[in-house]
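Here's a quick walk through one fold, going from the sheet to the helices and then to the aromatic rings. Have the viewer open and follow along.

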Amino acid sequence: MNQKWILAFYSIPSKPEKNRVKIYRKLQKHGALALKDGVYILPFTPDNYEFFTWLRGEVALFDGSMNFTTVEKLDTISDDELIASFIALATSTYEAIAEKIS
């Protein structure tokens, strides 16, 4: 069975820069994987769907726009490659934490 994904596309005015950073940090904290600037992906779960729904409102507060969609697959990246990218992202995050506390 293939994994279902949620893709989010957003844009925010470049000034003030702090608004862009706030959205980036929220995506990072939630574990979203950047496919390119302003395009993020998460595995489809009700929690992730709710997160993107909430984030859309946050982006709107900064005069930006955000849309998202669920997809069964991406034609250019396999599910295995995406999963490996999420594992690599999580591993680097935990290694950084472990380094700070050791």
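## The sheet

In this predicted model, 4 strands make up an open sheet with antiparallel pairing, and their order across it is 2-3-1-4. Strand 2 (33-36) and strand 4 (65-71) sit at the edges with a single partner strand each, so one side of each has no neighbour in the sheet. Expect some turning as you go across: on average, neighbouring strands of this sheet are rotated by 25° against each other, ignoring direction.

Now for the pairings of strand 1. Strand 1 (residues 5-11) is joined to strand 3 (residues 39-43) by 5 bridges, and the two run antiparallel. L7, for one, has I41 as its bridge partner in strand 3. Strand 1 also pairs with strand 4, again in the antiparallel sense, over 7 bridges. If you want a spot to look at there, Y10 stands opposite M66 in strand 4.

## Strand 1 and I6

How many of the 7 residues of strand 1 are buried? The count is 5, so strand 1 is largely enclosed by the rest of the structure.

I6 is a good residue to click on. I6 belongs to strand 1 and is buried, its relative accessible area being 0%; the cut-off for buried is under 20%. Across the pairing, I6 stands opposite L42 in strand 3. Those two are 36 residues apart along the chain, yet their C-alpha atoms are separated by 5.4 Å. Leaving out residues up to four places away in sequence, I6 touches a list of residues that includes Y40, P43, T45, N48, F52 and T70. F44, Y49 and F68 are also among the residues touched by I6, and these three come back below.

## Two helices

Helix 2 (residues 46-61) lies across strand 1, strand 3 and strand 4, and runs at about 165° to strand 4.

Helix 1 (residues 17-30) and helix 2 have axes that come within 11 Å and cross at roughly 175°. The two helices are therefore roughly antiparallel to each other; angles over 145 degrees get that label. On the helix 1 side, the contact is made by I23, K26, L27 and H30. Helix 2 brings D47, N48, F51, F52, W54, L55, E58 and V59. Sorted by class, this contact of helix 1 with helix 2 has 7 nonpolar, 2 polar and 3 charged residues.

## Aromatic rings

Two numbers are handy here: a pair of aromatic rings is described by the distance of the centres and the angle of the planes. The structure holds 7 aromatic pairs. Take F44 and Y49: their ring centres are 6.2 Å apart and their planes stand at 65°, so this pair is edge-to-face. Y49 also pairs with F68, with centres 5.3 Å apart and planes at 80°, so that pair is edge-to-face as well. The Y49 and F68 pair links distant parts of the chain, with Y49 in helix 2, F68 in strand 4, and their positions 19 residues apart.

Are these rings buried or exposed? They fall in between: F44 is partly exposed at 31% relative accessible area, Y49 is partly exposed at 39%, and F68 counts as partly exposed at 22%. Zooming out, ring pairs tie F44, Y49, F51, F52, W54 and F68 into a cluster.

Note on methods: Residues are numbered from 1 along each chain as its sequence is written. This is a predicted model: local features need pLDDT of at least 70, side-chain atom pairs count only at pLDDT 80 or more; totals for chains, interfaces and linings use all residues. Side-chain values use heavy atoms; hydrogens and water are left out. Two strands pair if DSSP finds at least two bridges between them. Axes are lines fitted to C-alpha atoms, for helices over the stretch in contact, and angles run from 0 to 180 degrees between N-to-C directions. Contact means heavy atoms within 4.5 Å. Angles under 35 degrees count as roughly parallel, over 145 as roughly antiparallel, 65 to 115 as roughly perpendicular and the rest as oblique. Ala, Val, Leu, Ile, Met, Phe, Trp, Tyr, Cys and Pro count as nonpolar, Asp, Glu, Lys and Arg as charged, and the others, Gly among them, as polar. Buried means under 20% relative accessible area, exposed over 50%, partly exposed in between (1.4 Å probe, protein chains only). Rings of Phe, Tyr and Trp (its six-membered ring) pair if their centres lie within 6.5 Å; planes under 30 degrees apart count as stacked, over 60 as edge-to-face and the rest as tilted.
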